[in-house]
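Subject: Structure handover

Hello,

Here is the structure I promised to pass on. Please open it next to this message.

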Amino acid sequence: MSFDLASRLAERRVADLYRQRPLLDSPQGPLVRVDGRELLAFCSNDYLGLANHPLVIEAWRAGARRWGVGGGASHLVIGHSTPHHELEEALADFTGRPRALLFSTGYMANLGAVTALLGPGDTVLEDRLNHASLLDAGLLSGARFSRYPHNDAASLATRLDKARGDTLVVSDGVFSMDGDLADLPALCREARSRGAWVMVDDAHGFGPLGASGGGIVEHFGLGQDDVQVLVGTLGKAFGTAGAFVAGSDELIETLVQFARPYIYTTSQPPALACATLQSLQLLRSEHWRREHLAALIRRFRDGAARIGLSLMDSTTPIQPILVGDSARALQLSQLLRERGILVTAIRPPTVAMGSARLRVTLSAAHDGAQVDRLLEALAACWPLLVEAGDA
């Protein structure tokens, strides 16, 4: 018996779910060159426009000259360089927590945190719309695993009442496909009243949210007593790569001792940590980036409302246009591309069946004229999509 991979791939094509990688031949930015064509892009998570910032690039170059280009080994062997340590200390200060721990990716940070804290006999409760890495972490932990309806604190409370062992409530901060916020105050209130911990993956919240870009915890005025495990990624608003977990000294020491994705992975290049230190400084000091981004979000939503687009309830840089059918989402993406606009169609299994969408993401690197150009293209393409769907 052999694997029938051809049939699996063919089924994906027939269902309009086949995915292909666009080939980027330029740095990240509003204007990119993809598959040989110049396009205006609205599908990057570079929310503050730091991925191609000259100071961040120079920090990487200087770091490579000083520290070389490889981590060399895991952090626990000989791979924990001074820039890694300085970045962890800076991230701890930024989040207002005693310590932070670097991971190579956000996926690894989530797997490492959940599986190090929980095991058989414990309980993990997750929002139904959590990122795949959080769901996989819950399953791999071996703990009793339950998913509550999206942002439903009452349902969470019912599940908490049935929990056994150490209990961890896990949620995205900003939900990556809908762009809405977790009802974090309610989730924390229910968890605290029952002695459970809360873990938040704020990958999309750091940078855009909070008075100083501190994310959803800062946005809601919460602290470490409310959210004991705080995860952030560095490849989005920070503009570089990697991830971190911030929390108490005991939490971080537990991850150092028991988080397998941390223990058994070569550290990221020290030069990358140098670049991230620079991007963190820009994130904290250049408040105009968040203010400009917020203005662009309002501009887009006001214009989309005038067109009559079906936007989702989001005040973040993630602005999904709900289409429904996968084929029509692909069609709308293609119509925009023909007009020089790049917005990716998001389809199942990333989102639920019947909820395919175009996921518009805005950046502080965009300007108002570029947002207007996107709106003009959507105004021209949306009626064509409706006519094709009704034909």
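Below is what I found, starting with the sheet and ending with the annotated site.

Keep in mind that this is a predicted model.

The sheet first. It is open and has 7 strands, in the order β3-β9-β8-β7-β6-β4-β5. The pairing is mixed. β3 (99-103) and β5 (144-148) are the edge strands, each pairing on one side only. On average, neighbouring strands are turned by 20 degrees against each other, direction ignored. One parallel pair is β7 (residues 197-201) with β8 (residues 229-233), joined over 3 bridges. There, aspartate 201 has valine 231 of β8 as its bridge partner.

Now the helices. α4 (residues 82-95) packs on the sheet and touches β3, β8 and β9 (243-247). Its direction makes about 125 degrees with that of β3. α5 (residues 106-117) lies across β3, β6 (167-172), β7, β8 and β9. It runs at about 165 degrees to β8.

Then the site. An unreviewed UniProt entry lists Gly106, Tyr107, Ser176, His204 and Thr233 under "binding site". These residues span 128 positions in sequence, yet no two of their C-alpha atoms are more than 13.8 Å apart, so they gather at one spot. The lining of the largest pocket takes in Gly106, Tyr107, Ser176, His204 and Thr233.

Two of these residues in detail:

- Glycine 106 lies in α5. It is buried, at 14% relative accessibility. Its contacts beyond four places in sequence are Thr233, Gly242 and Ala243.
- Serine 176 lies in the loop between β6 and α8 (184-193). It is buried too, at 12% relative accessible area. Beyond four places in sequence, serine 176 touches His131, His204, Ile318 and Arg359.

Best wishes

Note on methods. Residues numbered from 1 in each chain as written. Predicted model: local features only at pLDDT ≥ 70, side-chain atom pairs only at ≥ 80, totals over all residues. Heavy atoms only, no water. Pairing = 2+ DSSP bridges. Helix = DSSP H or I, 4+ residues; strand = E, 2+ residues; numbered from the N terminus. Axes fitted to C-alpha atoms, helices over the stretch in contact; angles between N-to-C directions. Contact = heavy atoms within 4.5 Å. UniProt positions renumbered as here; feature names shortened; annotations may be inferred. 1 Å grid on protein atoms, 1.4 Å probe; cavity = no way out; pocket = protein on both sides within 12 Å on 5 of 7 lines; lining within 4 Å. Buried < 20%, exposed > 50% of the residue type's maximum accessible area, 1.4 Å probe, protein only.
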